[in-house]
Every structure is written in C-alpha cells, then in structure tokens.
Amino acid sequence: MASSSQNFIQLAKSLPAPLQRFFARWPPAAIVPEGAAPTQYQEARPNPFAAYKNPTTGKWQDPVYSLRRQAQLVQLAREHGVAHLLPETKKGVEYRLAHRVEHGLRVKGTGVGQSVKGHIHERQMISKMEKRRKAMLEMPQLIRAWKTRLGGSPFQLMEASNSSELASHYQVLNLTPAILDTQHDPSALIKKAYHRALLQNHPDKASSAPRGTSSSPSTYTIDQITRAFTVLSSPQQRAAYDTSLRLQTTGDESGAPGSLATKFQTGVENVDLDDLEFDETGERWYRSCRCGNDRGYLFGEADLVEVGDEGELMVGCSDCSLWLNVHFAIIEDDDFESKRNL
Ligand SMILES: [Zn+2]
C-alpha cells in the first residue's frame with residue numbers, strides 16, 4: 001500500500017479537475033492525517049455516492065452523484081489509477097472486483113482505461129467498430145439502391161422473402177455473411193444459430209406463441225434448417241452458395257432473397273460485458289431484448305471462456321432473430337492479483 005502524504009499531494013495535482021474537486025470535498029481516509037476534521041461536504045453527506053437519510057427530517061435523499069455521474073467519475077479515476085480512493089459505488093472497480101472474487105469469475109469487460117487497454121482484443125475491437133461505423137454510413141445508400149432497383153423497402157422485402165420457401169440459408173439461421181465474417185472461426189456461431197433455429201421453429205413453439213413483431217421468425221422446416229446448417233458450415237459450400245446469391249441479386253429483379261436482403265436481415269448490437277446484468281443465483285449474465293424478452297440474451301462464464309481468445313461472444317436472443325455481441329477480456333493472473341492487493 002502506498003506511502004507518504006507528499007506523494008498524494010503530487011498525485012492529486014496531476015489529476016483532472018473533476019477528480020481534484022471531488023477529493024477536496026470528500027478527501028479519502030487514506031490521505032487525510034489522523035484526527036483531521038471532516039469537510040463541510042463530508043459533514044452534510046458522508047458518502048456522496050449513497051442515498052442518505054436526513055437525521056432531522058427522516059427523509060431519504062438521492063445520492064449527491066447520480067449513478068451516471070458516479071460512473072463518469074469512476075471511469076476518470078480508473079484512467080488515473082485512483083479508483084480505489086473513491087467511495088464505494090456499485091459502478092466502481094472495487095464492487096466489480098469483489099463481485100468477481102466472490103463468484104470466482106475469470107472474465108471482465110474490456111474496460112477502456114483499465115489495464116486491459118491496448119490488449120489485442122481491444123485493438124481489434126476498435127478496428128471492427130470502425131468497419132461497422134462505415135457500414136452504417138453506407139447503409140442509406142444501399143437502401144436507396146435497393147429501393148430503386150426493386151421498388152420496395154428492404155425491410156418489407158425481407159418480410160416477404162422471410163415467409164416464403166425462397167428464404168436463403170442465411171435467413172433460415174438468422175445470420176448474415178457479415179456476421180459470419182466477424183468470427184475468426186464461424187463454426188461455433190453457426191452451430192448456435194442452428195440450435196436456436198431448431199428451437200424457434202419447433203412445431204409446438206411456432207404454433208402456440210403469438211408472434212406479431214417484425215422480428216418474429218417464420219416457420220422453417222427441419223429440412224430447411226439442416227440444409228442451411230450443412231451449407232454454411234462448410235467453407236467450400238458456403239463460398240459457392242454466396243456466389244449463387246450474388247448472381248441471383250444481379251440477374252433477377254423480382255426480389256429474390258439475395259445478398260443485399262440478407263445484409264439487412266439481422267441486427268447485431270455490441271455491448272461490453274460490464275454493461276450487462278448479472279444473476280447472482282444462476283451465475284449468468286443477461287440482458288433484455290428489443291423483442292420484449294427480459295432475459296432474451298443469457299449466458300454463463302463457460303460460454304465466455306470458450307471464446308476467450310476472441311474476446312467477443314455472439315449471443316442469440318432465445319425469442320427472436322437478434323444477436324448480441326459481447327466484448328470482454330479474460331483476467332490474466334498477475335492482473336487479477338495486483339488488483340486484489342490494491
Ligand atoms: Zn429478442
């Protein structure tokens with residue numbers, strides 16, 4: 001544990017203004033001399049990150065810092081290596097770390113500003129994000145091209161082709177070429193998509209569940225699903241299939257499910273592991289999905305460790321066609337130890 005108050009003063013001077021201000025008002029116990037009087041801020045609110053019961057009125061008051069501002073402050077403190085001097089916060093490193101130690105978890109978010117920064121996964125993530133941003137920018141153009149060529153919005157056409165027997169292998173599995181291309185080895189993802197398609201198109205489920213949303217899958221046969229799985233799983237077959245799709249799109253004006261259609265079909269949202277909820281009892285992470293399922297996305301540590309080298313886990317919603325791409329890092333031993341000994 002660190003040292004003299006001189007060092008702390010030097011450290012404090014190097015901090016950005018919001019942190020300096022914060023520590024001036026709520027000096028951490030570690031840096032104030034024994035027996036020093038509390039500041040007026042501390043007298044009024046001992047912990048500005050916590051709700052406070054006014055001793056006179058007996059009423060509860062919100063924390064001085066909202067959770068959002070706490071998160072900003074923690075982020076800033078992390079970048080300057082002083083997160084441990086902040087009061088305990090649910091958003092804080094300490095909380096997350098305690099949480100991980102308690103559950104023995106070996107994974108964490110990519111935590112920009114943490115020691116994982118500059119890690120290979122994160123660098124890859126930045127370039128991938130950049131690619132996605134570009135794709136988004138080009139999207140209006142693609143949609144316009146699609147509209148003029150085929151006389152309808154890609155989304156309407158998606159719907160139309162979705163329900164037909166003409167659905168592409170990608171549509172059957174709710175995948176796109178682009179999603180598969182984000183994977184170092186797409187076979188695990190294809191298998192997941194295959195299992196999800198089997199579950200969602202199971203005769204019992206498909207007939208009973210009321211499905212009115214645009215993302216609702218239509219019913220595909222087991223044969224269609226199996227065929228899609230077989231073709232997309234084989235790099236050679238998939239390449240040949242992609243070529244045939246491209247030919248269809250350029251040669252056929254009728255709105256056949258071509259590669260353009262598949263581009264729009266499936267949404268992928270990118271999130272950091274630390275932004276997900278964690279179910280303490282089930283020891284699983286979860287997140288609500290736009291389709292209305294509170295825990296549409298659900299996975300455990302084993303799922304993350306399995307793709308630890310990638311630093312990304314693709315999770316499919318159990319109820320609809322959407323995917324969630326979770327960015328994370330595996331905690332390295334020395335990293336884990338040094339944080340624990342702070
Ligand atoms: Zn969903």
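This passage describes the overall make-up of a predicted model, its zinc site and a selection of its local features.

The chain contains 16 helices and ten strands, and buried residues account for 42% of its 342 residues. Among the contacts with a separation of 6 or more, 58% are made by residues 24 or more positions apart. The accessible surface of the chain amounts to about 19,200 Å², and carbon and sulfur atoms contribute 54% of that area.

The zinc ion is held by the SG atoms of Cys289, Cys291, Cys317 and Cys320, which are its protein donors and lie at 2.2 to 2.3 Å from the ion. The angles among the four donor atoms run from 104 to 116°, and the site is tetrahedral; since tetrahedral here requires all angles to lie between 85 and 135 degrees, the assignment follows directly from that range. Along the chain, the donors are spaced according to the pattern C-x1-C-x25-C-x2-C. Distant parts of the chain are thereby linked, with Cys289 placed in the loop between β6 (284-287) and β7 (297-300) and Cys317, 28 residues away, in the loop between β8 (312-316) and β9 (323-327). Cys289 has a relative accessibility of 8% and therefore counts as buried, and Cys317, with a relative accessibility of 0%, is likewise classed as buried.

The loop between β8 and β9 also holds Ser318, which counts as partly exposed because its relative accessibility is 36%. The C-alpha atom of Ser318 is separated by 9.3 Å from that of Cys289, although the two residues are 29 residues apart along the chain. In addition, the side chain of Ser318 forms a polar contact of 3.5 Å with the side chain of Asn293. Glu312, which belongs to strand β8, is buried, its relative accessible area being 6%; for this acidic side chain, a polar contact of 2.8 Å is found with the side chain of Asn325.

In strand β6, attention falls on Tyr286, which is buried at a relative accessible area of 17%, a value that meets the criterion of under 20%. When neighbours within four places in sequence are left aside, the residues in contact with Tyr286 are Leu276, Glu277, Phe278, Asp279, Asp294, Arg295, Tyr297 and Leu298. With Arg295 there is also a polar contact between side chains, at 3.4 Å. The C-alpha atoms of Tyr286 and Gly300, which are 14 residues apart along the chain, are separated by 8.8 Å.

Two residues stand out by their backbone geometry. Most residues other than glycine have a negative phi. In Asn174, by contrast, phi is positive, near 55°, and in Glu283 phi is also positive, near 50°. Asn174 is located in the loop between α8 (169-173) and α9 (177-181), whereas Glu283 is located in the loop between β5 (277-279) and β6. As for accessibility, Asn174 counts as buried because its relative accessibility is 6%, while Glu283, at 38%, counts as partly exposed.

In the helical part of the model, Leu19, Phe22 and Phe23 are buried residues of helix α2 (residues 17-25). The arc that these residues cover around the axis is only 90°, so they lie on the same side of α2. Helix α4 (67-79) is included in what covers the buried residues of α2.

A further loop position is that of Asp185, between α9 and α10 (187-200). Asp185 is partly exposed, with a relative accessible area of 45%, and its side chain is joined to that of Ser187 by a polar contact of 2.9 Å. Asp185 is also paired in space with Glu310, for which the C-alpha to C-alpha distance is 9.5 Å while the separation in sequence is 125 residues.

Note on methods. Residues are numbered from 1 along each chain as its sequence is written. This is a predicted model: local features need pLDDT of at least 70, side-chain atom pairs count only at pLDDT 80 or more; totals for chains, interfaces and linings use all residues. Side-chain values use heavy atoms; hydrogens and water are left out. Donors are N, O and S atoms within 2.8 Å of the metal (3.2 Å for Na, K and Ca); water is not among the atoms, so sites may look incomplete. Four donors count as tetrahedral if all angles lie between 85 and 135 degrees; four count as square planar and six as octahedral if opposite donors are over 155 degrees apart and all others between 65 and 115; anything else is irregular. Helices (H or I, at least four residues) and strands (E, at least two) are DSSP runs, numbered from the N terminus. Buried means under 20% relative accessible area, exposed over 50%, partly exposed in between (1.4 Å probe, protein chains only). The arc is that of the directions from the helix axis to the C-beta atoms. Contact means heavy atoms within 4.5 Å. A polar contact is a pair of N or O atoms within 3.5 Å; within protein, one must be able to donate a hydrogen and the other to accept it, and residues adjacent in sequence count only if both atoms are side-chain atoms. Accessible areas come from the Shrake-Rupley method with a 1.4 Å probe; for residues, only the protein chains shown count as cover.
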